[in-house]
Amino acid sequence: MGKTISGFSKLSKSKKIDWIVDTYLSNSKDAEHILKQYWNADNKLQQLHDEFIENTISNYYLPFGVAPNFLINDKMYTIPMAIEESSVVAAASKTAKFWMDRGGFKAEVISTTKIGQVHFMYHGRTDVLKAFFITIKSKLIEDCKSITKNMELRGGGIIDIELRDKTTDIKDYYQIHASFETLDAMGANFINSCLEQFAKTVKRQALIFDGFSEKEKHMDIVMSILSNYVPDCLVRAEVSCKVEDLSDNDAFSGEAFANRFLQAIKIAEVEPYRAVTHNKGIMNGIDAVVLATGNDFRAVEAGVHAYASRNGSYSSLTHAKIEDGIFTFWLEIPLALGTVGGLTGLHPLVKLALEMLGNPTAKELMEIVAVAGLAQNFAALRSLTTTGIQQGHMKMHLMNILNQFNANDAEKVILIEHFKTNTVSFSAVSETLATLRMRIDD
Ligand code: MEV
């Protein structure tokens, strides 16, 4: 069983490992070996990773893959993806090629506004609070000048601040609801710094505002924080082609494929159980690019799923239609991304990923990420509504199963060949490998 420890963060890395190994891990030699095996031989690079977070004892690798042949707004991209799930990168690559031959993806940023709020309690007259807010509004912005100066020089900054009366939800609850333009930065630090300054100004100015009674002067600031819900930081990605051009094999006509595809989308639009899985598939593509480019995938996930329920019921993020013989498939999602600040200038692989994408602006990155999500959903629905998902997925998963059985290189070659024409399953791989090994033993 575990035990408590104080001063853990002050221990050296080796001592932290000693404590973890002694306290929790049965085979101490193996455990220590595994943890240290993932250390980078380059001490400077290791130190960089150690210092990204606290109490680092090792590195946790994710595969870094690439999906080439993405034609987006008439420009070619190879998209970097960090993800552990087999078949996601293959699906992206296959879809990229499919749409490259049909005019590629079109993407467009609709808006880039981000939101932050100061939540506070005020025990007094609402009309007087409103008058107070009007009086101090310019002061609130002015007091942030040292934070906003550089952002403003580049064309961003605070867009607006408003007082919101939330007392019908919670007694005495109000907000300063602020909107920001943070350009190529994700902007979390910028927004939070502005909000904390707003809170200080409100508190200070309230104490000297003549209109308040003694009781009203004391603002109770609960918290100041950005919102990861960014419905006005929106991007749209789309593909379209003639219905008949959708077919690339004899099994399905373009029309049959398009109709089944539309049915699948309609189901995800009305059925939350399906919508969650449908959107999860979209996030396979989105998270992988968000991670590879050093962005905050938790923020993106939270915002995207909230957006998927904006009409009161959780629904599909993608939509499709057929009009005048043209099939159109699109996605609209909120994405708060940065291409400067945060990890983007620090993590060598992130820098490389961004360079591979031509050092995009945040807007371009929003477009690329949205396209990766749309492509992933296209691939999933295409398999689901035709062959079923398992055929392709298990083929890609074959290597993982072979590795679980410690197959050597020669065995892998033989089994990969065998499963080109046989259905992959865990037991089929196990049996085929056992038979092969028996034959070799004989
Ligand atoms: C698996 O990671 C994602 C899918 O389940 C998505 C979907 O069902 O649309 C294949």
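Trainee: How do the residues lining the largest pocket divide by class?
Mentor: This is a predicted model, where local features need pLDDT of at least 70, side-chain atom pairs count only at pLDDT 80 or more, and totals for chains, interfaces and linings use all residues. Residues are numbered from 1 along each chain as its sequence is written, and side-chain values use heavy atoms, leaving out hydrogens and water. Asp, Glu, Lys and Arg count as charged, and Gly is among the polar ones. The lining then splits into 22 nonpolar, 14 polar and two charged residues.

Trainee: Which residues lie nearest the centre of that largest pocket?
Mentor: A pocket is an open set of 1 Å grid points that take a 1.4 Å probe, with protein on both sides within 12 Å along at least five of seven lines. The largest pocket holds about 1500 Å³ of space (the volume filled by the probe spheres). Its lining, meaning residues with an atom within 4 Å of a point, counts 38 residues. Nearest the centre you'll find F52, L291, G294, L343 and H347.

Trainee: And which pocket does the ligand sit in?
Mentor: To count as sitting there, a molecule needs more than half of its atoms within 2 Å of the grid points. The ligand passes that test in the second largest pocket. This pocket has a volume of about 910 Å³, and of its 39 lining residues, A91, A379, A380, S383 and I389 are the closest to its centre. So, to put a name on the ligand's home by that definition, it's the second largest pocket.

Trainee: Which element gives the most to the lining of the second largest pocket?
Mentor: Helices here are DSSP runs (H or I) of at least four residues. The elements that give two or more residues to this lining are α4 (88-100), α9, α12 and α13 (389-404). By class, the lining has 13 nonpolar, 19 polar and seven charged residues. With eight residues, the top contributor is α12.

Trainee: Which element gives the largest share of the shell around the ligand?
Mentor: E85, R274, T277, H278, K280, G281, N284, A380, L384 and I389 surround the ligand, each with a heavy atom within 4 Å of it. That makes three nonpolar, four polar and three charged residues. The largest share, six residues, comes from α9.

Trainee: How much of the ligand's exposed area does the protein bury?
Mentor: Start with the polar contacts (N or O pairs within 3.5 Å): polar side-chain atoms lie 2.6 Å from a ligand oxygen for E85, 2.7 Å for K280 and 2.9 Å for N284. Taken alone, the ligand exposes 300 Å² (Shrake-Rupley, 1.4 Å probe). The protein buries 81% of that.

Trainee: Now the closed spaces: how many cavities are there of 30 Å³ or more?
Mentor: In a cavity, the probe fits but cannot get out. The largest cavity has about 50 Å³ of space, and its lining includes K114, I115, M186 and N228. The second largest has a volume of about 30 Å³. At 30 Å³ or more, the count is two.

Trainee: Which helix gives the most to the lining of the second largest cavity?
Mentor: That cavity is lined by N228, V230, A299, V300, G303, P334, L335 and A336. They come out as six nonpolar, two polar and no charged residues, whereas the largest cavity's lining has six nonpolar, two polar and one charged. Giving three residues, the main helix is α10 (residues 297-308).

Key: A polar contact is a pair of N or O atoms within 3.5 Å; within protein, one must be able to donate a hydrogen and the other to accept it, and residues adjacent in sequence count only if both atoms are side-chain atoms.
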